Amino acid sequence: MFATDEGADGPDELNLLTAGADYGPQGTAPVAEILAEEGGLGGCAAAPDVAFVGALDGERVHVIPLGDPASGTDPQAPEELLGGQYGRLRTVVLDAEGALWVTTSNRDGVGTPRDGDDKVLRILPPDSGAESPL
């Protein structure tokens, strides 16, 4: 299980939750750190080898390849998905077909609303054979 944590004075974090762990400043190291200006982390969805994290302030989904603790492989640097295309991105969910569902959050008094906001987006995986809305 993963959780996002918005840093008060530093980067936001994606944490792998384990029983009894401390996630404070001197505690368990995060799986990934996201710069504050790219963060404002919202929802998180995880598959076996990747985590998807919505970013309100960063207006993107961070795609975070996960390492394999059993083999000692470390996570790789996050990649960006949907950067700046839809505004603030909050909820992120994976469905049984591997599609990513993302909600926008531009009418919450913080974002910049656009015509037709807020939206629910369904992003199909690249190898699905189906046409992606992007």
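A polar contact is taken here as a pair of N or O atoms within 3.5 Å; within protein, one atom must be able to donate a hydrogen and the other to accept it, and residues adjacent in sequence count only if both atoms are side-chain atoms. With that in hand, a good place to start is Ser 105, whose side chain makes such a contact with the side chain of Asp 108 at 3.1 Å. The structure is a predicted model, in which local features need pLDDT of at least 70 and side-chain atom pairs count only at pLDDT 80 or more, while totals for chains, interfaces and linings use all residues. Residues are numbered from 1 along each chain as its sequence is written, and side-chain values use heavy atoms, with hydrogens and water left out.

Ser 105 sits in the loop between β9 (100-104) and β10 (120-123). Strands, like helices, are DSSP runs numbered from the N terminus (strands: E, at least two residues; helices: H or I, at least four). Besides Asp 108, the side chain of Arg 90 also makes a polar contact with that of Ser 105, at 3.0 Å. Is Ser 105 buried or exposed? Its relative accessibility is 6%, so Ser 105 counts as buried; the cut-offs for relative accessible area are under 20% for buried and over 50% for exposed, with partly exposed in between (1.4 Å probe, protein chains only). When neighbours within four places in sequence are left aside, Ser 105 is in contact (heavy atoms within 4.5 Å) with Leu 56, Arg 88, Arg 90 and Asp 118.

Stepping back to the whole protein chain, there are 10 strands and zero helices. Of its 134 residues, 34% count as buried. The chain exposes about 7,700 Å², of which carbon and sulfur atoms supply 50%; these accessible areas come from the Shrake-Rupley method with a 1.4 Å probe, and for residues only the protein chains shown count as cover. Among contacts between residues at least 6 apart in sequence, 32% join residues at least 24 apart.

The early strands build an open sheet of three, in the order β1-β2-β3, with antiparallel pairing; two strands pair if DSSP finds at least two bridges between them. β1 (2-5) and β3 (32-34) stand at the edges with a single partner strand each, so one side of each has no neighbour in the sheet. From one strand to the next, the twist averages 20 degrees, where axes are lines fitted to C-alpha atoms (for helices over the stretch in contact) and angles run from 0 to 180 degrees between N-to-C directions. A hairpin of six connecting residues leads from β1 to β2, and four bridges join these two antiparallel strands. Ala 3 has Asn 15 in β2 as its bridge partner. On the β3 side, β2 (residues 12-16) pairs over three bridges, again in the antiparallel sense, and Leu 14 has Ala 32 as its partner there.

The loop between β2 and β3 holds Tyr 23. Which backbone atom of Leu 16 does the side chain of Tyr 23 reach? It reaches the backbone oxygen of Leu 16, at 2.9 Å, and the backbone nitrogen of Thr 18 is reached by the side chain of Tyr 23 at 2.7 Å. Beyond its neighbours within four places in sequence, Tyr 23 has contacts that include Glu 13, Asn 15 and Thr 28. The C-alpha atoms of Tyr 23 and Asp 5 are 9.2 Å apart, although 18 residues separate the two along the chain.

A second open sheet has four strands in the order β4-β5-β6-β7, with antiparallel pairing. Here β4 (41-46) and β7 (79-81) are the edge strands, each with a single partner, so each has one side without a neighbour in the sheet. Neighbouring strands are turned by 25 degrees against each other on average, direction ignored. β4 and β5 (residues 50-55) are joined by four bridges, and Leu 41 stands opposite Ala 55 in β5.

Turning to the interior, a nonpolar core is a set of buried Ala, Val, Leu, Ile, Met, Phe, Trp, Tyr and Cys residues joined through side-chain atoms within 4.5 Å. The largest one has 13 residues, and those with the most contacts inside it include Phe 52, Val 61, Leu 100 and Leu 121. Two or more residues come from each of β5, β6 (60-65), β8 (89-94), β9 and β10. Apart from this core lies another, of nine residues, among them Ala 32, Val 53, Ala 55 and Ile 64.
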